[in-house]
Amino acid sequence: MEAFLHQVLAGLATGGIYASLALALVMIYQATHLVNFAQGEMAMFATYFAWSLINAGMPYWPAFLLTVVFAFFLGVVIERVIIRPVENSPVLAVVVVFIALLVILNSVTGWIFSYTIKTFPSPFPAEPIFGSYITSHQGGAIGVTLVVLLLLYLFFRFTPLGLAMRAAAQNPESARLVGIRVGWMLALGWGLAAAIGGVAGMMVAPIVFLDPNMMGGVLLYAFAAALVGGIDNPAGAVFGGFLVGVLENVLGAFVIGNELKLAVALVLIIGVLVVKPSGFFGKVLVTRV
Amino acid sequence: MAAFLEVAKLHAAYGPTRVLHGIDFSMDEGTITTLLGANGAGKTTTLRALCGMVKTQGQVSFAGERLDGKATEDIVRKGIAHVPDGRGTFVNLTTEENLRLGAYTRKDRDAVESDLERVFGYFPRLKERREQQAGTLSGGEQQMLAVSRALMLRPRLMLLDEPSFGLAPLIVRELFEILRTVNEKEKVSMLVVEQNAAMALELADHAYLIETGRVVLSGTAREIKRNDAVRRSYLGY
């Protein structure tokens, strides 16, 4: 029982990271109806930026904040410079751009920082908490995820800018008619998604270590999470993230072994697409005419 | 003095399909003007062209400023509110959120609060539905919401695209009463596109008849109502 509880808590910790990245995917999906395959590599690149700052002697939390800001601007610039020109292109063309972005970010990072695996510090103390059920980093990662989610919720729910972003994603034409600059809202959305991804990258790096391919598996779990929750539902993505994290850990520890863990994500993705493509919480849109 | 809204030789096309072939019309501040015409005549496209939602050629000037070539967002900021074809409801947002979006470009936060109460005064039903998801409102309520959202801009000019579409006659009458009140009390100019020619001519001061992308007849609403061709084709008596 104790071992089981331990696995569940550890699963919640990584689940929070999947939830963050899944949320980033959903945010971009809502606005563009496309899944950003480069979301993980953008997070990885931001994490390397944090590593450089910390390595240059900056304390952890200032480096953390600066990285979030950096990731935000990285997202905005990518949208303005790379995505905007292909905005009205066929879906496949945009997907190719996403994949190119993934490969380019991966290679550029390898070229700048080398492919050698690096350690990444955790801001939380080394001692376990809650009577050794969970490491401080795992507990801290859950806490950071929850704070990020809360801030996002408050932003989208209660600020005029958050409302404008939701309006622009839902109905761009009507949004323009009330004077919302829809193009900039999309860029802001990319910035926010990249910033969330950056936080996820910094939280996962102490666990998986820092290397240019570190987000490959994480992104796959995030896809599974987003699909389980319903690709157009932010709250669903968060739930999906925690669920996938726990499932992965528990099944990996007691049922299928660590080697097949990633298969859990793939089975979930295929299962959801076959059985319930809208996910558990995919909204059934109520519209009267 | 130039007219409040002046449209000259306006052409518009969707891809290779040309819809407007040089529309000319103008309207004075504070008046209600209606564009009449059959399906496909180019009424909706004319309104969309004014707002920069389709590619156009020709001139549009509003209160002495050129609008043609400007982005929709900037045209809205000049004080032009468009109640679009199909109502343009943000279906996943609440009624109140829809209304607040109407005032998105305004900086006078306090006045926005009192304007919210003002439109609830015109449409008490919307106040009852304040927290409700707007997609679940009835057609009539959504039309009221679209008009209210436009009013939240405190517009100088309102463009109304088929405000009577799909509504019960009683609700149409109520809506047009309110439009008249808004025009008279708040001095909001209105350009109304309608298929319901009888209602539109009752409301409007001036009318233009559009056929296949051109203005074929213009005059005061009274004159147009008496025109034999209009009476036969559009009023049906």
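Here are some questions and answers about this predicted model.

Q: How many helices and strands does chain B have?
A: Let's start with the parts list. Chain B mixes both kinds of element, and the count comes to 10 helices and 10 strands.

Q: Why can we say that chain B is as compact as a globular protein of its length?
A: The globule rule gives 18 Å for 237 residues. Chain B comes out close to that, so it is as compact as a globular protein of that length, with a radius of gyration of 17 Å.

Q: What share of the residues in chain B is buried?
A: To count as buried, a residue needs 20 or more other C-beta atoms within 10 Å of its own. Of the 237 residues in chain B, the buried ones make up 46%.

Q: Which residues touch the most other members of the largest nonpolar core?
A: This core holds 162 residues. It takes at least three residues from each of domain 1 and domain 2 of chain B. Still, the ones that touch the most other members carry the chain letter A: L21(A), A22(A), A222(A) and A225(A).

Q: Which residues is A22(A) in contact with, leaving aside neighbours within four places in sequence?
A: Skip those sequence neighbours and look further along the chain. What remains is A222(A), A225(A), A226(A), A237(A), G240(A) and G241(A).

Q: Which helices of chain B each supply at least two residues of the side that touches chain A?
A: The contact takes 19 residues from chain A and 25 from chain B. On the chain B side, the helices that fit are α2 (72-77), α3 (95-102) and α6 (139-151).

Note on methods: Residues are numbered from 1 along each chain as its sequence is written. Chains are lettered from A and ligands numbered from 1 in the order in which they are written. This is a predicted model: local features need pLDDT of at least 70, side-chain atom pairs count only at pLDDT 80 or more; totals for chains, interfaces and linings use all residues. Two residues are in contact if their C-beta atoms, placed from the backbone, lie within 7 Å. Helices (H or I, at least four residues) and strands (E, at least two) are DSSP runs, numbered from the N terminus. A nonpolar core is a set of buried Ala, Val, Leu, Ile, Met, Phe, Trp, Tyr and Cys residues joined through C-beta atoms within 7 Å. A residue is buried if 20 or more other C-beta atoms lie within 10 Å of its own, exposed if 12 or fewer, and partly exposed in between; C-beta atoms are placed from the backbone. Domain bounds come from an automatic or database domain assignment. The radius of gyration is taken over C-alpha atoms; the globule rule is 2.2 Å times the number of residues to the power 0.38.
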